[in-house]
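Me: I would like a close look at one side chain and its surroundings in the structure below. Please begin with that residue, then place it in the rest of the structure.

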Amino acid sequence: MSGGGADRQGWLRLAPGVTLAMSLTPIGAGLIGTILPAFGWMPAIGAVDPGLGAWVALLAQLELPGAVMLTVWTGLAGTGLSLALALGFVATSHHRPLFRRLTGWLAPVLSLPHAALAIGLAFMIAPSGWIARLLSPWATGWGVPPDLWTDRDPLGLGLILGLVLKETPYLLLAILAALSHLDPARDLAAARTLGYTPAKAWLKVVGPRLYPLLRLPLYAVLAYALSVVDMALILAPATPPPLSVLILRWFHDPDLALRLQAAAASCLQLGLVGAAILGWAAMETIVTRLARPWLTDGKRGRAGAAARRFLAALQVATLGLSAASIAALALWSVAGRWRFPDDLPAVLSMNAWAAQGRRLAEPAIATLALGLLATAIALALTIACLENEQRRGIRLGSRGLILLYLPLLAPQIAFLPGAQIVMIAAGIDGGALAVLWCHLLYVLPYVFLSLGDAYRRLDMRHVDAASSLGAGPWTILWRVKLPLLLGPLLAAGAVGFAVSVALYVPTVFAGGGRISTLAIEAVNAMAGADRRAIGVAASLQAFLPLVAYALAILVPAAIGRRRVGRAP
Amino acid sequence: MSPGATGGRLDLDKVTLWIGPRQLFEPLTLSLAAGTIASIMGPSGSGKSALLAWIAGVPIPAFRATGRVVLDGRDVTDLAPENRRIGLVAQDDRLFRHLRVGENLEMALPAGEPVAKRHQLAEKSLTQLGLAGFQHRDVAGLSGGERARVSLLRAMLAEPLAVLLDEPFSKLDLPLRSQIRQGFLDYIRNRCVPALIATHDSADAQTAGGPVHILAGPPGILDGF
């Protein structure tokens, strides 16, 4: 018995190594598979002459400067606006009842897949979109859709708005998680008795301590915004598109020679993200130095109710626009005749669901299976890592945290094509296993991050009590810890599942075109002009993670009720 | 004496605290002139800390309060803490950990003075309480007595109209205690503001010299004692 226990204990010690290897192997392989072809080495297509030919071809592309500028502009603007909105709202409203009420809505909004949200947003802001319909003709005078491209505007404003809708709730949740480590209430009270308004108190007393904890999530947002593919395919201008879209286009071009050029562009994409993160870090140093005298200049701030209301209204508007976007998807999927500028469809019909349902069944099942499997594996690995931590009394250091974040910091479009090339060479491409592995790469960090805090805060008195009754560590894990953690486990599972359902680039490249999911179907549907078909695919994609979230909330509540009912 | 450091009068009118339906003490009414340091005494759990926090405008959520707080004839009961100008030296450490000692003090100084003048004011105030040369110290490295004095200085540099002190000497060793207490209370007296000090040590109340109020539970609560 004790021998077996020791063996299993030894197995547990391998957990962190296995977990890291699972995420670092594809990244490393992907980088090699990208860098070698960029410099002319890709035997699979007969390229065996190392050289700079791919770079010369890349730099000769007339679209390149515009694509790079658009990428940098939309990425920085999307990240900066999201951060300003999130920080501005928390700083001005942290002491208001609205704050608590609004934060409850963040998780479900965050679970919305990027593609579905982007499509819904396009349905809202297009010249013939819902907003124009609701305002026409009484406010705009439009009887027909105007000749404006509000969704694919040349400045990429639609893409920036989409990024803001997606990243502001993410940063807000990251801020809330960081605040739970800081216990800011006492410091805020002290600053306010010194005469500081709530907003100034927050900015001068909480902000400087919060920012270091926000750094990694923020860099992940920056990397994502600079390299996003699915949202860019839907919302960004097409001539020129952002760099990430060019890369995707070249990798899938029938002309195989373009693969080398695409690999060089992937390296450029990686360089852009790296430079942006380094540049942001340099800005942090400068701002920190310049802000030091500002912290102690004694300016207390004014009442600022107008600013507070404005920022709160913006926050409600971004969450509301996300919700309305999903509603627009659902509505279009069941719309019969819906003429411009009617507010609502004249008739509802299930025709689109009937027509698309059969075709989407297989991708829907694939999405469900991938999400459930990736989440289950991620949960098992995370529990093994955390249990190993707890039994050995160690904690994940900051270096470990960066390794955990690495898949979120490395732009997908920069290494996943390379990973595909390596997988082809190894003969494991295009299979379900390859796709599952690539999903796990992204599901794992989010599951780990959302379960970690709850696991470490577990009340150890229960464990000690069980231990004193003679229970072994595995019994305690199964009979005490996991049941106590049911709520956080389901919540982490819902997060992991939502991440998997949203993944586009990993599915495209690891699947090699042979495995389709709802993310791919939704993006591909946008190429056609049938809003009803698009609505069906995208609302189905948005629906799955919402169900997962509902279950994560309802199941623990139902079990709690049953326990109460059983009590004498 | 620096301008604006003179307070007026602090009045509490029938103030009492509640936890749910339970009243913690008989309604308290008092009137403090500038320069008076009154003491509030009572056993731990009698609501001293919660009372001071409520007067300062940063109530502790579990407590409900009734009564009025009047400062210089102005009813401040419903004002936000930043609009009351009541300083609070809390029992637990509330120095800002991301700032050095001097910066904690400069943050409390009113805005408007040039940077060099702010440094100078902070430095001078540290000297007054025997902390000369402390401005570049890290807050985390301070002893209990040093923390208490920096906290008091920070509260006073904001030029409050009244100041509340919650067990400021409870963490000090006895020999050190009487020495620091004397300097501490003299400093407050010299600033000429009404002060209210919560303590369970009658020596604190004696040195303070002002009226002493005992927080007595309403009939029924202390019957078991």
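How far from a polar atom of the side chain of A:D153 does the backbone nitrogen of A:G158 lie?

Reply: The separation is 2.9 Å, between the backbone nitrogen of A:G158 and a polar atom of the A:D153 side chain. The model is a predicted one, and every value here is computed from it.

The side chain of A:D153 also reaches a second backbone nitrogen, that of A:G156, at 3.0 Å. A:D153 itself sits in the loop between α8 (130-135) and α9 (157-182) of chain A. A:G158 falls within the residue range of α9(A), so the 2.9 Å pair links the loop to that helix. Setting aside neighbours within four places in sequence, A:D153 is in contact with A:G158 and A:P237. The residue counts as buried because its relative accessibility is 9%, below the 20% cut-off.

The loop that carries A:D153 has another feature to check. A:P137 lies in the loop between α8 and α9 of chain A, and the peptide bond joining A:S136 to A:P137 is cis, with omega about -10°. A cis bond is also found from A:F340 to A:P341, where omega is near -5°. A:P341 belongs to the loop between α15 (305-333) and α16 (351-392) of chain A. Most peptide bonds are trans, and most residues other than glycine have a negative phi.

Two residues depart from that second rule. A:D183, in the loop between α9 and α10 of chain A, is not a glycine, yet its phi is positive at about 50°. A:D183 is partly exposed, with a relative accessible area of 47%. In chain B, the phi of B:C192 is near 60°, again a positive value in a residue other than glycine. B:C192 occupies the loop between α5 (174-191) and β9 of chain B and is partly exposed at 28% relative accessibility.

Past A:D183 comes helix α10 (residues 185-193) of chain A. Seven of its nine residues are buried, so the rest of the structure largely encloses this helix. The buried residues are A:D187, A:L188, A:A189, A:A190, A:A191, A:R192 and A:T193. They pack against α11 (198-227) of chain A and also against α1 (48-56), β7 (86-89) and α4 (144-157) of chain B. After α10(A) comes A:G195, with a positive phi near 105°.

The packing of α10(A) leads to the interface of the two chains. There, 23 residues of chain A are in contact with 28 residues of chain B. The two chains bury about 2,200 Å² between them, and 57% of that is on carbon and sulfur atoms. On the chain A side, A:R186, A:T193 and A:T296 lose the most area to chain B, together 28% of what that side buries.

In chain B, strand β4 (residues 37-41) is mostly covered, with five of its five residues buried. Both of its faces are covered: B:I37, B:S39 and B:M41 are buried on one side, and B:A38 and B:I40 on the other. β4(B) pairs in the parallel sense with strand β9 (residues 195-199) of chain B over five bridges, and B:M41 stands opposite B:T199 there. β4(B) also pairs in the parallel sense with strand β10 (residues 212-214) of chain B, over three bridges. In that pairing, B:S39 has B:V212 as its bridge partner.

A pair in chain A that is distant in sequence should be noted too. A:P108, in helix α6 (residues 106-110) of chain A, has its C-alpha 6.6 Å from that of A:Y549, although the two are 441 residues apart along the chain. A:P108 is partly exposed, with a relative accessible area of 24%.

As for cysteines, the structure holds zero disulfides over all chains. The sulfur of A:C267 has its closest cysteine sulfur in A:C438, at 18 Å, which is too far for a bond. Both residues are buried, A:C267 at 16% relative accessibility and A:C438 at 4%.

Last, the confidence. Chain A averages a pLDDT of 90, and 97% of the residues score at least 70. Within chain A the lowest confidence is in helix α1 (residues 2-13), at a mean of 57, and the highest is in helix α4 (residues 64-93), at 97. Over residues 1-7 of chain A the pLDDT is below 50, and beyond near neighbours in sequence this stretch has one contact in the model.

Definitions and conventions
Residues numbered from 1 in each chain as written. Chains lettered and ligands numbered in written order. Predicted model: local features only at pLDDT ≥ 70, side-chain atom pairs only at ≥ 80, totals over all residues. Heavy atoms only, no water. Disulfide = S-S within 2.5 Å. Buried < 20%, exposed > 50% of the residue type's maximum accessible area, 1.4 Å probe, protein only. pLDDT = per-residue confidence, 0-100. Helix = DSSP H or I, 4+ residues; strand = E, 2+ residues; numbered from the N terminus. Contact = heavy atoms within 4.5 Å. Pairing = 2+ DSSP bridges. Polar contact = N/O pair within 3.5 Å; in protein donor to acceptor, adjacent residues only side chain to side chain. Buried area = accessible area lost by both parts, 1.4 Å probe.
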